[in-house]
Each structure stands twice: as C-alpha cells, then as structure tokens.
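This briefing is meant to be read alongside the sequence and the three-dimensional view. It goes through a few selected sites and elements, grouped by topic.

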Amino acid sequence: MSDHELRVSKIRDGTVIDHVEGGQALNVLAILGIDGSEGFGVSVGMNVPSDRLGRKDIVKVEERELSQSEVDVLSLIAPEATINIVRDFEVVEKNRVTRPDSVTGVLSCPNRNCITNAGEPVETRFDVVADGVRCDYCSTILRADIADHIDV
C-alpha cells in the first residue's frame, strides 16, 4: 500500500472523527449510540499509523453530523480528536474537540453513595479537571475509566 492510498473510502456526506486514541473507536460508536441498526454507513479504522499519536483510530459515519453535546462527551475520551464534516465528498468544516468545563447528564457516578445513585431526581454533573472529571455532588474523580461510565 502506498503512502497516498486510502485504507477506507471517502464518504459523500457525514462526519469523520479522526485522531482518536488507539483502541477507543468502539467507545466512540457507543457514545454515538451506533450499533449497526440505524442504517448509517460506518467505517472504523483501528490502530492505524499516525505521526501525531503513533497509533490512532478513525471513525466515519455517513449521513450524520454530530451535535455539540456528542462532541463534548467524545472530548472526554478523545481529547486530541478532530471532527470533519463532509458534504459531497469535500471537508467543509474541520474542528479539533475542546473539553467543556463540565458535563451534565452523560456520565454515571461510580460512588454508590452519591446522591445521583440514590433514586433521587438528580441529574449527574461532572466538572472537567486536568486528569479526568469530578462529580459535583460527591467529589469522586474519574480518570482512566471514563468510557465505562458514559450514560447517554
């Protein structure tokens, strides 16, 4: 395969999520709620060579553009990701994800004693900190296992 040959074909319209840390593509699909039953064309490249990351994953989703809340959650597990919006085979918008200051209602707190797990009508809220996210209610910090607590 030459340096300029594509491993996965171009998409006509949709979103390309590039520069995802190697091994996280399946978590990206889970965050987006994609399990194959939606009818979207989906291409996944895992652990492909990358100058910036060494190894990276790439996810292409046809006929779908991501919402800002989806991008915010993706930024928690893929802080180096680039979101490319494609229309008629051309990239019309290219943005690097930025981590939000906080996320609400998308993560579950691992602390069984947290009020968010007590059956109360309280929506989870986490502050994004340098090394993970911190629950606003009980101050539990999630670091490496954030993807395991995504509740979208």
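**Briefing: selected sites in a predicted model**

I34 sits in the loop that joins helix 1 (25-31) to strand 2 (42-50). The model is a predicted one, and the points below take up this loop residue, a buried strand residue, an enclosed helix, a group of annotated cysteines and a pocket.

**The loop residue I34**

- With a relative accessibility of 10%, I34 counts as buried, because the threshold for that class is under 20% relative accessible area.
- Apart from residues up to four places away in sequence, I34 touches L29, V42, V61 and R64.
- One of these partners, V61, is 27 residues from I34 along the chain, and the C-alpha atoms of the two are separated by 9.3 Å.

**D18 in strand 1**

- D18 belongs to strand 1, which covers residues 14-21, and at 12% relative accessibility D18 counts as buried.
- When residues up to four places away in sequence are set aside, D18 touches K56, D57 and I58 as well as E80, A81, T82 and N84.

**Helix 2 and what covers it**

- Helix 2 spans residues 68-77, and eight of its ten residues are buried, so this helix is largely enclosed by the rest of the structure.
- The buried residues of helix 2 are E70, V71, D72, V73, L74, S75, L76 and I77.
- The elements that cover these buried residues include strand 1 and helix 1, together with strand 4 (82-87), strand 6, strand 7 and strand 8.

**The annotated cysteines**

- An unreviewed UniProt entry carries the annotation "binding site" for C109, C114, C135 and C138. Although these residues span 30 residues in sequence, no two of their C-alpha atoms are more than 8.8 Å apart, so they gather at one spot.
- C114 is placed in the loop between strand 6 (102-104) and strand 7 (125-129), and C114 is buried, with a relative accessible area of 2%.
- Beyond its neighbours within four places in sequence, C114 is in contact with C109, C135 and C138, and also with Y137.
- C135 lies in strand 8, residues 132-135, and is likewise counted as buried, at 2% relative accessibility.
- Beyond its neighbours within four places in sequence, C135 is in contact with C109 and C114, and further with R125, F126 and T140.

**The annotated C-terminal domain**

- UniProt, again in an unreviewed entry, lists residues 103-145 as "domain: Aspartate carbamoyltransferase regulatory subunit C-terminal".
- Across residues 103-145 the chain is 0% helix and 30% strand, and the C-alpha atoms at the two ends are 16 Å apart.

**The second largest pocket**

- The second largest pocket has a volume of about 220 Å³, and its lining is made up of 15 residues, of which L76, I77, R143, A144 and I146 lie nearest its centre.
- By residue type, the lining of this pocket divides into six nonpolar, three polar and six charged residues.
- The lining takes at least three residues from each of domain 1 (3-96) and domain 2 (102-149).
- L76 and I77, named among the residues nearest the centre of the pocket, are also listed among the buried residues of helix 2.

Terms used. Residues numbered from 1 in each chain as written. Predicted model: local features only at pLDDT ≥ 70, side-chain atom pairs only at ≥ 80, totals over all residues. Heavy atoms only, no water. 1 Å grid on protein atoms, 1.4 Å probe; cavity = no way out; pocket = protein on both sides within 12 Å on 5 of 7 lines; lining within 4 Å. Points joined across faces, edges and corners; volume = space filled by probe spheres on them. Nonpolar A, V, L, I, M, F, W, Y, C, P; charged D, E, K, R; others polar. Domains from an automatic or database assignment. UniProt positions renumbered as here; feature names shortened; annotations may be inferred. Helix = DSSP H or I, 4+ residues; strand = E, 2+ residues; numbered from the N terminus. Buried < 20%, exposed > 50% of the residue type's maximum accessible area, 1.4 Å probe, protein only. Contact = heavy atoms within 4.5 Å.
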